[in-house]
Amino acid sequence: MSTYRETWARSVTEPETFWLDAARAVEWDAAPARALEQTDGAWTWFPEGALNMSVNALDRHVDAGRGETIALRYDSAMTGTKKAYTYSELRDRVAEFAGALRGLGVGIGDRVLLYLPMTPEAVIAMLACARIGAVHSVVFGGFAATELAVRIEDARPTVLVTASGGLEPGRAVEYLPMVARALEIAPGIVEHVVVRHRAVVPGTAAELADAAPAVSVHDWDQLVAAAEPAGPVAVPSGHPLYILYTSGTTGSPKGIVRDTGGYAVALAWAMRNIYDVGAGDTMFTASDVGWVVGHSFIVYGPLLAGATTILYEGKPVGTPDAGAFWRIVAEYGVKTMFTAPTALRAIRRVDPDLDELSAHDLSGLQSLFLAGERLDPETWHWADEGLGVPVVDHWWQTETGWPICAIPRGLERLEPKAGSTAVPMPGYDVRILDGKGRELTEPGDEGSIALRLPLPPGTLTGIWGSPTRFRQSYLDAFPGFYATGDAGHLDDDGYLFVMGRTDDVINVAGHRLSTGSLEEVLTLHHAVAECAVIGVHDELKGQRAAGFVTLKAHERIDPAQLERELVALVREHIGPVAAFRDVTVLDRLPKTRSGKILRKTMRQIVDGEPYKIPATIEDPTVLDALVDAVRGADRIPQATR
Ligand code: COA
Ligand code: AMP
């Protein structure tokens with residue numbers, strides 16, 4: 001067996017043969033003769049290949065005689081429901097819903113927006129789109145109507161698939177009023193809405209039909225009952241499988257476009273070589289299908305591998321206790337688990353000695369993968385020692401679709417290092433660059449993390465509808481490289497340490513948010529003159545958004561009332577997922593003489609870190625006011641000049 005180093009070296013020196021070999025793990029309608037085509041700075045993976053993703057995820061396993069293997073286990077801690085789908089059953093449900101979509105006129109390349117809770121219908125709807133060559137765009141349930149509308153306006157779906165709602169501890173999240181509102185904000189685009197009624201959340205297709213008379217509304221069950229199952233349609237390798245919106249530096253989210261063939265090949269490689277999961281194994285990814293982690297490692301990856309995947313509707317703690325994840329691992333014989341560091345910190349807070357473990361047999365668990373945000377070494381040690389299985393911190397982004405750096409557990413069980421996201425995966429040529437784009441080759445030198453082009457299969461092929469924004473966001477900063485937006489360094493052994501973002505993106509409980517979009521919302525308030533939102537340290541969620549505002553002249557408003565109103569405004573415009581709670585009113589914001597807000601210095605002050613007063617500051621006394629404002633906190637920052 002080749003080692004990690006040989007494998008990685010071959011992927012960058014001989015990408016053609018490396019990826020054509022990897023492509024054999026996928027079933028093609030037209031096998032690709034070439035791996036890579038490059039023209040004018042753009043690239044396409046497997047240009048002549050044609051395939052269908054739902055065939056690869058479902059039919060091929062049924063055809064191989066594995067139709068009775070469990071493909072999907074749904075476990076809802078919120079309702080106490082457990083349900084299993086074999087590969088045959090899931091294929092049939094997907095074919096039926098694909099037929100239903102086709103009956104609504106959905107064809108190849110048409111967009112279908114999915115706003116669904118963590119129920120099997122989310123998986124079925126995604127695969128149904130893939131079956132008929134439609135492009136799905138899943139919107140996370142924690143986003144509000146305005147965010148839904150922005151995505152409708154950008155992706156222009158003809159069909160929206162939703163449910164009566166989701167469940168959060170102690171409350172039902174009703175989706176239909178939000179859908180009705182989004183259709184009002186973005187009228188004339190969506191023609192049909194399909195509603196899956198859940199008895200546990202109020203709201204029916206008929207009620208939405210009254211609230212949104214301009215669209216035709218269908219009940220999921222009735223629509224499916226009348227539909228003819230649809231067969232799979234082969235699409236070119238480069239055909240978009242999905243658009244997934246993620247936060248950028250501005251208020252408008254970026255629609256990351258994923259291809260079909262490159263993604264299938266990359267995920268098949270990752271399942272076997274990174275996660276060490278194959279047919280007969282069970283993988284539990286505790287995320288949400290609304291995030292890239294859910295797309296790649298709840299839905300597509302495990303099913304491509306012929307494994308069993310778990311769709312868990314619940315939280316790591318409180319549903320009912322901090323043993324919820326361990327119960328799932330034991331009950332379903334999970335081999336590989338994946339979650340976000342925040343989930344582990346939440347468990348640790350409630351059950352620091354892992355007492356809950358004693359009630360569950362975790363002997364089948366072989367590794368725990370973590371990603372989505374920085375994993376602090378303390379949590380890493382706690383989990384590694386407490387669980388007795390390797391805990392692998394690995395790093396990737398919505399844009400890349402699969403890990404950039406990881407420990408390839410199926411290939412070579414390299415030792416993890418605390419604080420590091422391990423080593424580059426095939427096709428990812430990771431470099432550290434300084435501000436001028438010069439490479440920093442000394443181990444330990446910190447700079448922007450960039451990836452040499454072309455990116456490997458499975459990574460983004462563009463931003464939906466905006467080649468210019470794609471170039472500006474990722475390719476222009478360092479010609480010949482993709483700019484990840486993260487900063488960090490490599491050590492002597494080639495392990496990467498990701499230290500934080502170089503832009504205004506923050507990560508709250510593993511959820512990626514743009515401070516720019518939060519600022520846009522705060523300025524909607526009549527009393528706010530200027531504002532700055534920064535990501536500050538949070539013991540549980542890694543980061544949280546803190547807002548600083550100045551008031552318009554002559555505005556008199558009680559700070560507590562202003563905070564309540566701003567928190568409500570963010571909830572209304574972005575959604576509860578922003579978890580926005582902190583507002584501080586200042587007389588002025590600290591700025592440079594050219595008017596740039598000193599966000600980094602503000603963050604250092606709030607986090608109680610030593611900070612340097614920038615030479616370009618307009619008025620240093622403004623910082624004193626900020627220090628005074630945060631002085632109630634336990635850490636007093638130190639200034640140097
Ligand atoms: N639909 C509607 N609302 C949602 C939601 C969803 N799918 N997911 C979260 N929310 C709401 C929460 O109910 C909460 O609302 P509240 O302000 O009324 O309490 C708010 O959004 C913030 O949620 P969150 O930041 O997740 O905090 P929490 O206190 O509800 O839960 C954890 C804390 C640690 C349990 C949770 O953050 C978690 O499981 N994190 C793991 C993150 C993860 O899986 N990331 C995916 C990338 S790998
Ligand atoms: P998302 O696109 O939501 O997956 O967020 C991607 C961003 O999350 C990355 O660019 C990083 O900033 C951060 N991130 C993801 N995984 C890690 C990790 N293992 N360590 C540090 N940061 C991470």
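The questions below concern the surroundings of ligand 2 and one open sheet in a predicted model.

Residues are numbered from 1 along each chain as its sequence is written, and chains are lettered from A and ligands numbered from 1 in the order in which they are written. Local features need pLDDT of at least 70, side-chain atom pairs count only at pLDDT 80 or more, and totals for chains, interfaces and linings use all residues, while side-chain values use heavy atoms and leave out hydrogens and water.

Q: How many residues surround ligand 2?
A: A residue is taken as near the ligand if one of its heavy atoms lies within 4 Å of it. The closest include Asp393, Asp486 and Arg512. The number of residues surrounding ligand 2 is 15.

Q: Which residue has a side-chain N or O atom 2.5 Å from an oxygen atom of ligand 2?
A: A polar contact is a pair of N or O atoms within 3.5 Å. Through the backbone, a polar atom of Gly372 is 3.0 Å from a nitrogen atom of the ligand, and an N or O atom of Glu373 lies 3.3 Å from a nitrogen atom of ligand 2. The residue whose side chain is 2.5 Å from a ligand oxygen atom is Thr398.

Q: Which strands are the edge strands of the open sheet ordered β23-β24-β26-β27?
A: Strands are DSSP runs of E with at least two residues, numbered from the N terminus, and two of them pair if DSSP finds at least two bridges between them. The four strands of this sheet pair in the antiparallel sense. Each edge strand pairs on one side only, and these are β23 (430–433) and β27 (496–501).

Q: Which residue of β24 is the bridge partner of Ile432?
A: β23 pairs with β24 (residues 447–452) in the antiparallel sense over four bridges. The partner of Ile432 in β24 is Ile449.

How values were computed:
A polar contact is a pair of N or O atoms within 3.5 Å; within protein, one must be able to donate a hydrogen and the other to accept it, and residues adjacent in sequence count only if both atoms are side-chain atoms.
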